[in-house]
Amino acid sequence: MGVWLMGQIACQTPDALVPSEPVGELAAEITEKGKPIGTPVSKSIGPEGGALTSPDGNLHVQFPAGALSAHTTLRLQMVENKAAGGIGPAFEIEPKETKLNKPVSFVWKFGKDGLNGTAANVVGLARQRENGTWLGKSNLHAETATQTLTATSPTFDLKYPLAFYQNFYLKYDANLLVPNQQMMLTVAYQPNHSDKEEYASRETLLASLKSWEPVDHENLRNWRLNGELAASANKAGGTLSVHNKGEKALYIAPNKVPA
């Protein structure tokens with residue numbers, strides 16, 4: 001049963017993640033480094049520019065002309081996504097000491113199910129620091145028609161692991177339910193991203209990622225099931241009832257699998 005979180009978030013103009021002091025007063029979550037997945041992809045790229053593509057073809061790292069001063073054999077290694085709210089690919093680019101003259105672009109083709117129900121315009125890109133914390137921002141460029149997200153490199157080097165993450169996401173306990181099974185739903189968010197200073201200057205500031213926190217009832221409304229308001233949704237897809245003044249919703253699967 002697919003339960004989809006839908007929201008209307010103001011779109012922002014894409015911009016590079018620039019080095020800065022992280023905003024927000026809440027402590028960042030420390031995570032372990034993600035383990036490598038598969039074998040790396042290697043390619044020689046020179047001053048004329050070029051691209052590295054992940055083995056599944058969904059992630060493209062694009063080096064514009066002039067980004068590199070000389071031909072360099074670069075390696076793209078996919079890794080486990082350990083970022084708080086992590087979604088989609090996480091990766092490293094080597095050699096880590098490679099210096100860039102221009103920022104590179106990361107294009108993720110998320111496809112039909114890659115976002116796991118969240119909205120494209122609340123997904124961000126984060127880099128993991130040496131102490132295990134993450135810095136990220138979520139004003140990426142989303143293309144609904146091509147189902148892609150584009151971000152630019154956070155710094156003019158390649159020394160840090162990078163990962164996509166969700167700034168808001170639906171938290172639940174199971175991906176698959178049997179008939180009549182119940183599941184409580186809450187909405188999670190990155191608290192530091194809600195800081196007023198960061199919101200006013202989100203083109204330039206980064207936020208530390210921390211463990212998810214629930215959105216309170218004052219900032220959460222219009223629960224929907226398959227696009228319909230919870231109270232009037234077609235019962236063939238199950239039922240959705242709102243609890244705790246709208247802070248939570250209980251989903252009950254229908255008594256038989258829908259056609």
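The following legends describe close-up views of a predicted model.

**View 1. The cis peptide bond between Glu 94 and Pro 95.** Glu 94 and Pro 95 are joined by a peptide bond in the cis form, for which omega is about 0°. Pro 95 lies in the loop that runs between strand 5 (86-94) and strand 6 (105-109).

**View 2. Asn 180, a residue with positive phi.** Although Asn 180 is not a glycine, its phi is positive, at about 70°. The residue belongs to the loop between strand 12 (168-171) and strand 13 (182-189). Asn 180 is classed as partly exposed because its relative accessibility is 47%, a value that falls between the limits of 20% for buried and 50% for exposed residues.

**View 3. Asn 244 in the loop between strand 18 and strand 19.** Strand 18 comprises residues 239-243 and strand 19 residues 248-252, with Asn 244 in the loop between them. Phi of Asn 244 is positive, near 50°, and the residue is other than glycine. With a relative accessible area of 47%, Asn 244 is therefore partly exposed.

**View 4. The largest cavity of the model and its lining.** The model contains 2 cavities of 30 Å³ or more, and the largest of them holds about 80 Å³ of space. Its lining is made up of 13 residues. Those nearest the centre of the largest cavity are Asp 157, Leu 158, Lys 159, Tyr 160 and Leu 162. Strand 5 is the element that gives the most to this lining, contributing 3 residues. When the lining of the largest cavity is divided by class, 7 residues are nonpolar, 2 are polar and 4 are charged.

**View 5. The second largest cavity and the residues that line it.** The volume of the second largest cavity is about 40 Å³. By class, its lining has 4 nonpolar, 2 polar and 4 charged residues. The nonpolar lining residues are Val 79, Ala 90, Trp 134 and Pro 161. Gly 34 and Gln 128 count as polar, whereas Lys 33, Glu 80, Lys 82 and Glu 92 are the charged residues of this lining.

How values were computed: Residues are numbered from 1 along each chain as its sequence is written. This is a predicted model: local features need pLDDT of at least 70, side-chain atom pairs count only at pLDDT 80 or more; totals for chains, interfaces and linings use all residues. Side-chain values use heavy atoms; hydrogens and water are left out. Helices (H or I, at least four residues) and strands (E, at least two) are DSSP runs, numbered from the N terminus. Buried means under 20% relative accessible area, exposed over 50%, partly exposed in between (1.4 Å probe, protein chains only). On a 1 Å grid over the protein atoms alone, a cavity is a set of points where a 1.4 Å probe fits but cannot get out, and a pocket is an open set with protein on both sides within 12 Å along at least five of seven lines; lining residues have an atom within 4 Å of a point. Grid points are joined across faces, edges and corners, and a volume is the space filled by probe spheres set on the points.
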